[in-house]
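Biologist: Could you take a close look at one part of this model for me, and then walk me outward from there? I'd enjoy a connected tour.

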Amino acid sequence: MTPIQLNGQPTQVDVEPDAPLLWVLRAELQLTGTKFGCGMALCGACTVHLDGVPTRSCVTPLGSAAGKSVTTIEGLQGPVADALRAAWTALDVVQCGYCQSGQIMQAHALLTVHPQPTDEQIDAAMSSIICRCGTYPRVRAAIHQAAGRKA
């Protein structure tokens, strides 16, 4: 059994410690908001927070999350998360939507460190999340809006 703090709740997971966290979340725990994209930590669709740090769950073994806090898109809460979701909706960021949980998880981490990020900070932070639909300008605008800046 591997103990993790999942979305604020103590959770015991009876899976081999080398199993990718992504598959544990999706298959074992039925949290399907985190997506499988490339399986090589290149696209960011599988981004979750591990002790508050954006982490690619497709290459993160469950064992490395033992005793740590894992936050998925389903468990992301608070004023920053609410502001991001509202901005995403208001600016119609989503096209296909596949990368959006990873985008929001990454944006949340950015706003936690830089509450009023510059375009350059946004571009640097978000460059690791691939959006095949190319909604990058709307992502940037939504992050500015969530930060309280006029987009």
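Modeller: Happy to! Let's begin with asparagine 7, which sits in the loop between strand 1 (2-6) and strand 2 (9-13). Keep in mind that this is a predicted model. The backbone deserves a look here: asparagine 7 has a positive phi of about 50°, although it is not a glycine. Most residues other than glycine have a negative phi.

Asparagine 7 is also one of the residues touched by threonine 72. Threonine 72 belongs to another loop, the one between strand 5 (69-71) and helix 2 (79-90). With 0% relative accessibility, threonine 72 counts as buried, because the cut-off for that class is under 20%. Leaving aside residues up to four places away in sequence, the contacts of threonine 72 are Leu6, Asn7, Leu25, Leu31, Thr34, Val48 and Met105.

A positive phi turns up at alanine 41 as well, at about 65°, and this residue is not a glycine either. Alanine 41 lies in the loop between helix 1 and strand 3 (47-50). Its relative accessibility is 29%, so alanine 41 counts as partly exposed.

Helix 1 itself covers residues 21-28 and includes glutamate 28. Glu28 joins Asp14, Glu16 and Asp18 in forming a negative surface patch.

For a last stop, try alanine 124 in helix 4 (residues 119-126). Alanine 124 counts as exposed because its relative accessibility is 55%. From alanine 124 to glycine 33 the C-alpha to C-alpha distance is 24 Å, with their positions 91 residues apart in sequence numbering.

Notes. Residues are numbered from 1 along each chain as its sequence is written. This is a predicted model: local features need pLDDT of at least 70, side-chain atom pairs count only at pLDDT 80 or more; totals for chains, interfaces and linings use all residues. Side-chain values use heavy atoms; hydrogens and water are left out. Patches are made of residues with over 30% relative accessible area and no salt bridge: like charges are joined within 9 Å, nonpolar side chains (Val, Leu, Ile, Met, Phe, Trp, Tyr) within 5 Å. Accessible areas come from the Shrake-Rupley method with a 1.4 Å probe; for residues, only the protein chains shown count as cover. A salt bridge is a side-chain nitrogen of Lys or Arg within 4 Å of a carboxyl oxygen of Asp or Glu. Lys and Arg count as positive and Asp and Glu as negative; His and the chain ends are not counted. The place of a charge is taken as NZ of Lys, CZ of Arg, CG of Asp or CD of Glu. Helices (H or I, at least four residues) and strands (E, at least two) are DSSP runs, numbered from the N terminus. Buried means under 20% relative accessible area, exposed over 50%, partly exposed in between (1.4 Å probe, protein chains only). Contact means heavy atoms within 4.5 Å.
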